[in-house]
Amino acid sequence: MCRSIKTLRPPVLPEEATEDEIRAAALQYVRKVSGFRAPAAHNREVFDRAVEAVAQATADLLGGLEVRGRSVRTAG
């Protein structure tokens, strides 16, 4: 989809991704998809909800990944 989105996981193991890194990745994704670096005031709520939803989906993904046959959980 996008070559400029920063890789969050490799070589970092899922449990090593911090909440700040997950949120930053979610923000980067929402900015890329929406086309807005900072939304107008009338779009702020939907933009922020999207960032939170993507961050939660990312945390769920990382929390469910298995690395070398072991289940890995993230903080948060």
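In which helix do R44 and D48 both lie, and how many residues apart are they? Both lie in helix α2, where four residues, or about one turn of the helix, separate R44 from D48. The model discussed here is a predicted one, and its chain has two helices and two strands, which follow one another from the N terminus in the order α-α-β-β. The points below begin with the chain as a whole and then turn to the salt bridges, to helix α1 and to some individual side chains.

**The chain as a whole**

- The chain has 76 residues, of which 24% count as buried.
- The exposed surface of the chain comes to about 5,600 Å², and carbon and sulfur atoms supply 53% of that area.
- When contacts between residues at least 6 apart in sequence are considered, 61% of them join residues that are at least 24 apart.

**Salt bridges**

- A search of the whole structure finds three salt bridges, and each of them is described in the points that follow.
- One of them joins the side chains of R23 and E52, with a distance of 3.3 Å from N to O; this pair links distant parts of the chain, since R23 belongs to helix α1 (residues 19–34) and E52 to helix α2 (residues 44–64), with their positions 29 residues apart in the numbering.
- Both partners of that bridge are partly exposed, R23 having a relative accessible area of 35% and E52 a relative accessibility of 44%.
- Within helix α2, R44 forms a salt bridge with D48, and the closest N and O atoms of the two are 3.2 Å apart.
- R44 is partly exposed at a relative accessible area of 36%, and D48 is likewise partly exposed, with a value of 28%.
- Another salt bridge is formed by E45 and R49, whose closest N and O atoms are 2.9 Å apart; these two residues are also in helix α2, and because they are four residues apart, about one helical turn separates them.
- E45 counts as exposed, because its relative accessible area is 58%, which is over the 50% cut-off for that class.
- The spacing of four has a general background: an α-helix has 3.6 residues a turn, so residues three or four places apart point the same way.

**Helix α1 and its buried side**

- The 16 residues of α1 should span 22 Å at 1.5 Å a residue, and the C-alpha atoms at the ends of the helix are indeed 22 Å apart, so the expected and the modelled lengths agree.
- The buried residues of α1 are I22, A26, L27 and V30; they lie on the same side of α1, because the arc that they cover around the axis is only 135°.
- The partner against which these buried residues of α1 pack is helix α2.
- Just after α1 comes G35, which takes a positive phi of about 85°.

**T58 in helix α2**

- T58 has its place in helix α2, and this residue counts as buried because its relative accessibility is 18%, under the 20% cut-off.
- A polar atom of the T58 side chain lies 2.8 Å from the backbone oxygen of V54.
- T58 and A25 are 33 residues apart along the chain, while their C-alpha atoms are separated by 8.6 Å.

**E21 in helix α1**

- E21 lies in helix α1 and is partly exposed, with a relative accessible area of 37%.
- The side chain of E21 has a polar atom that lies 2.8 Å from the backbone nitrogen of T18.
- Between the C-alpha atoms of E21 and A55 the separation is 9.4 Å, although the two residues are 34 residues apart along the chain.

Note on methods:
Residues are numbered from 1 along each chain as its sequence is written. This is a predicted model: local features need pLDDT of at least 70, side-chain atom pairs count only at pLDDT 80 or more; totals for chains, interfaces and linings use all residues. Side-chain values use heavy atoms; hydrogens and water are left out. Buried means under 20% relative accessible area, exposed over 50%, partly exposed in between (1.4 Å probe, protein chains only). Contact means heavy atoms within 4.5 Å. Accessible areas come from the Shrake-Rupley method with a 1.4 Å probe; for residues, only the protein chains shown count as cover. A salt bridge is a side-chain nitrogen of Lys or Arg within 4 Å of a carboxyl oxygen of Asp or Glu. The expected span of a helix is 1.5 Å times one less than its number of residues. The arc is that of the directions from the helix axis to the C-beta atoms. A polar contact is a pair of N or O atoms within 3.5 Å; within protein, one must be able to donate a hydrogen and the other to accept it, and residues adjacent in sequence count only if both atoms are side-chain atoms.
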